[in-house]
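The following exercises ask the reader to work from the displayed model to a set of computed features. Each task is followed by a solution in steps.

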Amino acid sequence: MVTLTPSGNRDERHFADPDRLDVRRDLGHHLAFGFGPHYCLGQALARLEARIVLEELLERFPEWDADLENAKFMYHADMRGYELLPVVVP
């Protein structure tokens, strides 16, 4: 048995477009940091760090776009996401 952590919150039975990044998606019960006795002890720090990084980046670069034509998707048994995702700043 293999657990695929990146597949959490991407269940097509629960989300209309599970492969689309939607930061406003109502997840209800979030699975990325685990649940119950298997939750990540560092989840509060990870959320704080992510919030700070995003706030600083968006303040410095309020307008940007992803260059999806030159992006490379990563295919791996345990991870999903982009291996390369260039960002274009006007």
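Rings of Phe, Tyr and Trp (its six-membered ring) pair if their centres lie within 6.5 Å; planes under 30 degrees apart count as stacked, over 60 as edge-to-face and the rest as tilted. The model is predicted, so local features need pLDDT of at least 70 and side-chain atom pairs count only at pLDDT 80 or more, while totals for chains, interfaces and linings use all residues. Residues are numbered from 1 along each chain as its sequence is written, and side-chain values use heavy atoms, with hydrogens and water left out.

**Exercise 1. Aromatic pairing**

Task: Determine how many aromatic pairs the rule yields, and classify the geometry of the rings of Phe-73 and Tyr-82.

Solution. Step 1: the rule gives a count of one aromatic pair. Step 2: the ring centres of Phe-73 and Tyr-82 are 5.4 Å apart and the planes stand at 85°, so this pair is edge-to-face. Step 3: accessibility is graded as buried (under 20% relative accessible area), exposed (over 50%) or partly exposed (in between), with a 1.4 Å probe and protein chains only. Phe-73 is partly exposed because its relative accessibility is 30%, and Tyr-82 is partly exposed at 44%.

**Exercise 2. Overall architecture**

Task: Describe the order of secondary structure along the chain and state what share of the residues is buried.

Solution. Step 1: helices (H or I, at least four residues) and strands (E, at least two) are DSSP runs, numbered from the N terminus. Step 2: the chain contains one helix and four strands, and in sequence order these follow the pattern α-β-β-β-β. Step 3: of the 90 residues in the chain, 9% are buried. Step 4: with a contact meaning heavy atoms within 4.5 Å, 24% of the contacts between residues at least 6 apart in sequence join residues at least 24 apart.

**Exercise 3. Salt bridges**

Task: Find how many salt bridges the whole structure holds, and place the partners Lys-72 and Glu-83 in their secondary structure elements.

Solution. Step 1: a salt bridge requires a side-chain nitrogen of Lys or Arg within 4 Å of a carboxyl oxygen of Asp or Glu. Step 2: the search finds three salt bridges.

Step 3: Asp-17 is bridged to Arg-20, with closest N and O atoms 3.3 Å apart. Asp-17 is partly exposed at 37% relative accessible area, as is Arg-20 at 44%.

Step 4: Glu-55 is bridged to Arg-51, with closest N and O atoms 3.5 Å apart. Because Glu-55 and Arg-51 are four residues apart in helix H1 (residues 43–60), about one helical turn separates them.

Step 5: in the bridge between Lys-72 and Glu-83, the closest N and O atoms are 3.9 Å apart. Lys-72 belongs to strand S2 (residues 72–75) and Glu-83 to strand S3 (residues 80–84), so the bridge ties together parts 11 residues apart in sequence. Lys-72 is partly exposed at 44%, whereas Glu-83 is exposed at 54%.

**Exercise 4. The nonpolar surface patch**

Task: Identify which residues form the nonpolar patch, and locate Val-89 along the chain.

Solution. Step 1: patches consist of residues with over 30% relative accessible area and no salt bridge, like charges being joined within 9 Å and nonpolar side chains (Val, Leu, Ile, Met, Phe, Trp, Tyr) within 5 Å. Step 2: the patch comprises Leu-54, Leu-58, Trp-64, Val-87 and Val-89, which together have about 480 Å² of accessible area; such areas come from the Shrake-Rupley method with a 1.4 Å probe, and for residues only the protein chains shown count as cover. Step 3: Val-89 is located in the segment after strand S4 (87–88), and its relative accessibility of 42% makes it partly exposed.
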